[in-house]
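Morning, everyone. Please have a look at the model on the screen, and then I'll walk you through it.

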Amino acid sequence: MAGAAPTTAFGQAVIGPPGSGKTTYCLGMSEFLRALGRRVAVVNLDPANEGLPYECAVDVGELVGLGDVMDALRLGPNGGLLYCMEYLEANLDWLRTKLDPLRGHYFLFDCPGQVELCTHHGALRSIFSQMAQWDLRLTAVHLVDSHYCTDPAKFISVLCTSLATMLHVELPHVNLLSKMDLIEHYGKLAFNLDYYTEVLDLSYLLDHLASDPFFRHYRQLNEKLVQLIEDYSLVSFIPLNIQDKESIQRVLQAVDKANGYCFGVQEQRSLEAMMSAAVGADFHFSSTLGIQEKYLAPSDPSVEQEAMQL
């Protein structure tokens, strides 16, 4: 883009453990955004991702392949994936060459599911940091399978992983409980859903763990982990059913608020039209967040004037 003024771009870095639904999320979110009128570019940063269901604007597989790395360096899939990310980190010029022609698009980055990349390995964080210098404002969208809510020990582990990810990645962050349409198949929850999404008093989880003879021996350890999570008081979740437009819309509102993206007037109308078709009646945003996004968006002076009159 030589000679052109830099344009701020927005997007989402979709992260999470394997099987949490990252690729499905990218497909569903990209379709939703296109219906709103946004130009979307989905970027696959996972060299192990094969048979992509979405139209891929940039594929890291063109730069480095996981299979080739494993064969050449005699690495397993985990070590090979870490090497691929380090190779991408060392060849960011290639990535920028691919992204620059897509300025003006909204980016969705489908990231690898290797947990180490988001908790303590530096390659992915370095890549995100470099993108920020390219004036690309990202929100980390961290997906966690909702079935972990049915097991107190697993849910505490998920909270620890989510907290470590938030601190390590260093991006505006939104945590999602994915596959909410399947949660009933996983078993009955010990508490209502708000308890898990808002991460309320975790001492109740400790009481549930104490009823298990195995975890009773580790009560002090679990107490310290819970205390750490509550001391930071950072982790919360938004439930996501990727088949439900209202669910996607709630996620998008949180993401747009986190990275600074503002709705335009035309996009607001498109969203209301889509939601009206979904619910079979006229749909209007009545929530505080919807009102704020409508009247605080700086993109249209007439909207600002209307807000001042209110």
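Two strands count as paired if DSSP finds at least two bridges between them. Strands (E, at least two residues) and helices (H or I, at least four) are DSSP runs, numbered from the N terminus.

A word on sources. This is a predicted model: local features need pLDDT of at least 70, side-chain atom pairs count only at pLDDT 80 or more, and totals for chains, interfaces and linings use all residues. Residues are numbered from 1 along each chain as its sequence is written, and side-chain values use heavy atoms, leaving out hydrogens and water.

Now the sheet. It is open, with 7 strands in the order 3-2-4-1-5-6-7 and parallel pairing. Which strands stand at the edges? Strand 3 (56-59) and strand 7 (238-239); each has a single partner strand, so one side of each lacks a neighbour in the sheet. Strand 3 pairs with strand 2 (residues 40-44) over 3 bridges, in the parallel sense. There, asparagine 44 has aspartate 59 of strand 3 as its bridge partner.

Next, the aromatics. Rings of Phe, Tyr and Trp (its six-membered ring) pair if their centres lie within 6.5 Å; planes under 30 degrees apart are stacked, over 60 edge-to-face, the rest tilted. That gives 12 aromatic pairs. Phenylalanine 191 and tyrosine 195 have ring centres 4.3 Å apart and planes at 35°, so this pair is tilted. Tyrosine 195 also pairs with tyrosine 196, edge-to-face, at 5.4 Å centre to centre and 85° between the planes. One aromatic cluster takes in Phe155, Phe191, Tyr195, Tyr196, Tyr204 and Phe237.
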